[in-house]
Amino acid sequence: VNSSDSEWILLRKVFNKYPSLHFIVVVNPSNGPGLNVSTNYKELLTSLKSHNNVKVFGYIHTMNPDLRSFRSLSTVKYDIDKWFTFYPSLDGIFVDEVTDRWTYQLTGSSTG
């Protein structure tokens with residue numbers, strides 16, 4: 001990804017054309033924050049956040065590769081921390097494939 005890629009340029013034109021609309025852009029360098037900071041993504045975030053009507057969220061997946069089980073809550077929290085360490089200007093996190101199996105871990109009680 002490069003902030004000068006034609007897709008991102010087109011998207012920024014849309015942001016400028018509709019300044020009264022609010023946009024949420026979910027970025028996903030590597031099915032999550034990746035292993036290292038990406039200079040290209042840092043530039044992209046800076047470019048996207050230059051628009052007052054844009055919020056940028058980092059993507060987190062919660063399903064394991066087998067598509068039958070979920071990643072542990074601690075692993076997901078680790079990825080969230082990595083997002084904000086790598087890209088502190090993010091506005092939030094988009095958590096995909098959410099499960100209710102974490103309820104006990106979060107609250108200490110079961111929902112049944």
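Start with helix α1, residues 6-17: at 1.5 Å a residue its twelve residues should span 16 Å, and the end C-alpha atoms are indeed 16 Å apart, so the two agree. (The expected span is 1.5 Å times one less than the number of residues; helices, H or I of at least four residues, and strands, E of at least two, are DSSP runs numbered from the N terminus.) This is a predicted model, where local features need pLDDT of at least 70 and side-chain atom pairs count only at pLDDT 80 or more, while totals for chains, interfaces and linings use all residues. Residues are numbered from 1 along each chain as its sequence is written, and side-chain values use heavy atoms, leaving out hydrogens and water.

Back on α1, Trp 8, Arg 12 and Phe 15 are its buried residues (buried is under 20% relative accessible area, exposed over 50%, partly exposed in between, with a 1.4 Å probe and protein chains only). These buried residues pack against β1 (23-27), α2 (39-49) and β2 (54-61). On the face turned away from the buried side you'll find exposed Ser 6, Glu 7, Leu 10, Lys 13 and Lys 17.

Now follow β1, where side chains alternate: Phe 23, Val 25 and Val 27 point to one face and are buried, whereas Ile 24 and Val 26 point to the other and are not. β1 runs parallel to β2, paired over five bridges (pairing takes at least two DSSP bridges), and Val 25 has Val 56 of β2 as its bridge partner.

Val 27 is worth a click too: its contacts (heavy atoms within 4.5 Å) include Leu 48, Val 56 and Trp 83, not counting residues up to four places away in sequence.
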